[in-house]
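The following report walks through one protein model for a reader at the bench, moving from a single residue to the fold as a whole.

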Amino acid sequence: MRTNMEGNRLADFVVERGFRLLSQEWVPADNAVISANMPPLLIMAPAGAIDILMPASTEALKGLTFVMMNNSANAITLKTSGDAAFTTAIALAANESTMVICTGSATAALGWRAVGTASS
């Protein structure tokens with residue numbers, strides 16, 4: 001039996017075997033918008049170089065995390081919900097992956113940070 005549990009908090013838990021994130025394979029167009037309700041693993045394959053707009057950074061979204069994979073030969077640049085660049089640019093070159101985390105900052109350009117962008 002499976003039970004959906006939403007909004008729960010766990011502390012000191014151990015994953016003993018296998019850990020899998022819900023994922024979405026996606027062919028985004030330029031200025032596609034990522035919703036806070038999308039799954040945490042986004043596998044993207046755009047047809048050309050594009051910008052992706054992240055959710056607006058708010059205290060309520062602080063800690064929201066996405067793992068993103070660019071499965072294409074095209075560049076993906078992440079931008080604020082207002083289509084502006086982040087203070088520290090977030091871009092995925094062909095076949096790169098990254099993890100992005102919402103800082104909760106009310107200053108849009110500081111709202112998201114990338115951790116560990118790398119080719120695989």
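In this predicted model, E96 is in contact with M68, M69, N70, A91, T117, A118 and S119, once its neighbours within four places in sequence are left aside. E96 itself lies in strand β8, which covers residues 96-102. Although E96 is buried, it has no salt bridge, and the nearest side chain of opposite charge, that of K79, is 16 Å away. Because a salt bridge requires a side-chain nitrogen of Lys or Arg within 4 Å of a carboxyl oxygen of Asp or Glu, K79 at that distance cannot count as a partner of E96.

**Salt bridges**

Which charged side chains do pair? Three salt bridges are found when the whole structure is searched, and they are listed here with the distance between the closest N and O atoms.

| Positive residue | Negative residue | Closest N and O atoms |
|---|---|---|
| R17 | E16 | 3.5 Å |
| K79 | D51 | 3.1 Å |
| K79 | D83 | 3.8 Å |

The salt bridge between K79 and D51 links distant parts of the chain, since K79 belongs to strand β6 and D51 to strand β4, with their positions 28 residues apart in sequence. Both K79 and D51 are buried. K79 counts as buried because its relative accessibility is 19%, and the cut-off for that class is under 20%. D83, which forms a salt bridge with K79, counts as partly exposed because its relative accessibility is 34%. Through shared partners, D51, K79 and D83 are joined by salt bridges into one network. The pair of R17 and E16 lies in another setting, as R17 is exposed and E16 is exposed too. As general background, side chains of opposite charge can pair when their charged atoms come close.

**The sheet around β4**

Strand β4, which contributes D51 to the network, also takes part in an open sheet of four strands, arranged in the order β2-β4-β6-β7 with mixed pairing. The edges of this sheet are β2 and β7, each of which pairs on one side only. On one side of β4, two bridges join it to strand β2 (residues 32-33), and the two strands run parallel; within this pairing, V33 has L53 of β4 as its bridge partner. β4 is likewise parallel to β6, to which four bridges join it. Among the bridge partners here, I50 is matched with I76 of β6, and I52 is matched with L78 of β6.

Which way do the side chains of β4 point? I50 and I52 point one way, while D51 and L53 point the other way, and all of these residues are buried. In a regular strand the side chains alternate between the two faces of the sheet.

**The nonpolar core**

The largest nonpolar core has 19 residues, of which I34, I52, M54, F66, M68 and L78 touch the most other members. The elements that supply two or more residues to this core are β3 (41-44), β4 (50-53), β5 (65-70), β6 (76-79), β7 (90-92) and β8. I34 gives a view of this packing: leaving out residues up to four places away in sequence, it touches W26, L42, I52, L53, M54, P55, F66 and M68. M68 also appears among the contacts of E96. In soluble globular proteins, nonpolar side chains tend to be buried together.

Is F13, by contrast, buried or exposed? F13 is exposed, because its relative accessible area is 51%, where the cut-off for exposed is over 50%. F13 lies in the segment before β1 (23-26), and it is 65 residues from L78 in sequence and 32 Å from L78 in space, taken from C-alpha to C-alpha.

**The fold as a whole**

The protein has zero helices and nine strands. Of its 120 residues, 31% count as buried. Among contacts between residues at least 6 apart in sequence, 52% join residues that are at least 24 apart. The C-alpha atoms fill a box of roughly 45 × 30 × 20 Å along the principal axes. The radius of gyration is 15 Å, which agrees with a compact globule, because a globule of 120 residues would have a value near 14 Å.

How values were computed
Residues are numbered from 1 along each chain as its sequence is written. This is a predicted model: local features need pLDDT of at least 70, side-chain atom pairs count only at pLDDT 80 or more; totals for chains, interfaces and linings use all residues. Side-chain values use heavy atoms; hydrogens and water are left out. Buried means under 20% relative accessible area, exposed over 50%, partly exposed in between (1.4 Å probe, protein chains only). Lys and Arg count as positive and Asp and Glu as negative; His and the chain ends are not counted. Contact means heavy atoms within 4.5 Å. A nonpolar core is a set of buried Ala, Val, Leu, Ile, Met, Phe, Trp, Tyr and Cys residues joined through side-chain atoms within 4.5 Å. Two strands pair if DSSP finds at least two bridges between them. The radius of gyration is taken over C-alpha atoms; the globule rule is 2.2 Å times the number of residues to the power 0.38.
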